[in-house]
Amino acid sequence: MQYRRLGRSGLQVSELSLGSWVTYHNQVNVVAAREMMAAAFDAGINFFDNAEVYAGGQSETVMGEALKALNWPRLNYIVSTKFFWGLHKEGPTANRKDTLNRKYLSQAIDGSLQRLGLDFIDLVYCHRPDPHTPIEETVWAMSDMIARGKALYWGTSEWSAQEIQSAWDIADRHHLHKPVMEQPQYHLFHRSRVEQEYARLYEDIGLGLTTWSPLASGLLTGKYRHGIPADSRGALEGMGFLVNGLTDAAKNAAVTQLNAVASELGCSLSQLAIAWVAKNPRVSTVITGASKLAQLTENLGALEVMPKLTPDVMARIDEVTAAHAA
């Protein structure tokens, strides 16, 4: 396992990390989470990603209980969470969901700290942009979160380059804590934001990336070439919005072609797809997911594939997938 600086910060994150979206609480209980986090840690992973909204807060609870049981030195691991959608509760929801206003953010961090059982959270993200709250208000609230010792670094997820630059400029003008990282979707079929839209931000403001969905929600494993398997993510309740993308005929045909490349390299489709993302030097860490220990082990095998991705191999991959990428 190699480690990369998170943008221009001094924090070093493992090139592969472990996330909890969909899996924790829904597919993975505390026992399984502890087992997989222990295996990931032993393999060199030091970053574990979460979000307030995952499983309605239960994902943070599962991770928090697993961390308590593992009892690692706090300096040895990095935990993140994300805020925007809030938790659905009874009563008026105006300041509880779909917002990045100061009131919501100041209370959301306290809830996450309690569920995770931590004194501070290493990385906190604005999970989506909020068009109804001035960016300046959000920047002040996130900077205050760090000044109060409740978080160490803050960033964004799925913000436009213009929004990120605006937030950075406001923080710079007022001598506040600046956004350090962005968490965008990035995989073989979803490239333009990372490779084009954010291009200037890497040099201009030192933006780091903690990318998600390297397997395109499972499309790049090849399991959806013949429909939706009963035990797959696409079959889970609440995941219906993924079905059209997972069963896209053109992309699945490209996946079949990619399988030939993977076979020649002696790896799985999953390992090839993860290695391709990690090969991008702008990516600080690739967030992977797993519902079983065997999946985690397979994903970790991507580390051995990265050196095999020569310019010729990368060109072949690009030839197969670029026409289908957004």
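User: Let's start with the strands. How many bridges join E8 to strand E9 (residues 208–211), and do they run parallel or antiparallel?

Analyst: Happy to help! As a general idea, strands of a sheet pair through backbone hydrogen bonds, either parallel or antiparallel. In this predicted model, E8 and E9 are joined by 2 bridges and run parallel. To find the spot by eye, look for Glu182, which stands opposite Leu209 in E9.

User: Which strand does E8 pair with through Pro179, and how does the chain get from E7 to E8?

Analyst: Pro179 is the bridge partner of Trp154, a residue of strand E7 (residues 151–156), and 3 bridges join E7 to E8 (residues 179–182) in a parallel arrangement. Between the two strands the chain passes through helix H5 (residues 161–173), giving a right-handed β-α-β crossover.

User: What lies on the E6 side of E7?

Analyst: Strand E6 (residues 121–126) pairs with E7 in the parallel sense, over 5 bridges. One place to check is Ile121, whose bridge partner in E7 is Ala151. Helix H3 packs on the sheet here, touching E5 and E6, and its direction makes about 140 degrees with that of E5.

User: What do the strands form together, and in which order?

Analyst: A barrel: 8 strands close up in the order E3-E4-E5-E6-E7-E8-E9-E10, with parallel pairing. On average, neighbouring strands of this sheet are turned by 30 degrees against each other, direction ignored. Helix H10 (residues 269–278) lies across strand E3 (16–19), E9 and strand E10 (283–288), running at about 155 degrees to E10.

User: Now the helices. How should I read the packing of H2 and H3?

Analyst: Two packed helices are described by the angle between their axes and the distance between the axes. Here, H2 (residues 58–70) and H3 (residues 102–116) pack at about 40 degrees, with their axes 7 Å apart. That angle makes H2 oblique to H3. Glu60, Thr61, Met63 and Gly64 of H2 make the contact with Ser112, Arg115 and Leu116 of H3. By character, the contact residues divide into 2 nonpolar, 3 polar and 2 charged.

User: And how many aromatic pairs are there?

Analyst: The structure holds 6 aromatic pairs. A pair of aromatic rings is described by the distance of the centres and the angle of the planes. Take Phe41 and Trp72: their ring centres are 4.0 Å apart and their planes are at 15 degrees, so the pair is stacked.

User: Where in the chain do Phe41 and Trp72 sit?

Analyst: Phe41 is in helix H1 (residues 30–42), while Trp72 is in the loop between H2 and strand E5 (78–83). With these positions 31 residues apart, the pair links distant parts of the chain.

Terms used: Residues numbered from 1 in each chain as written. Predicted model: local features only at pLDDT ≥ 70, side-chain atom pairs only at ≥ 80, totals over all residues. Heavy atoms only, no water. Pairing = 2+ DSSP bridges. Helix = DSSP H or I, 4+ residues; strand = E, 2+ residues; numbered from the N terminus. Right-handed = clockwise from strand over helix to strand, strands pointing away. Axes fitted to C-alpha atoms, helices over the stretch in contact; angles between N-to-C directions. Parallel < 35°, antiparallel > 145°, perpendicular 65-115°, else oblique. Contact = heavy atoms within 4.5 Å. Nonpolar A, V, L, I, M, F, W, Y, C, P; charged D, E, K, R; others polar. Phe/Tyr/Trp six-rings, centres within 6.5 Å; stacked < 30°, edge-to-face > 60°.
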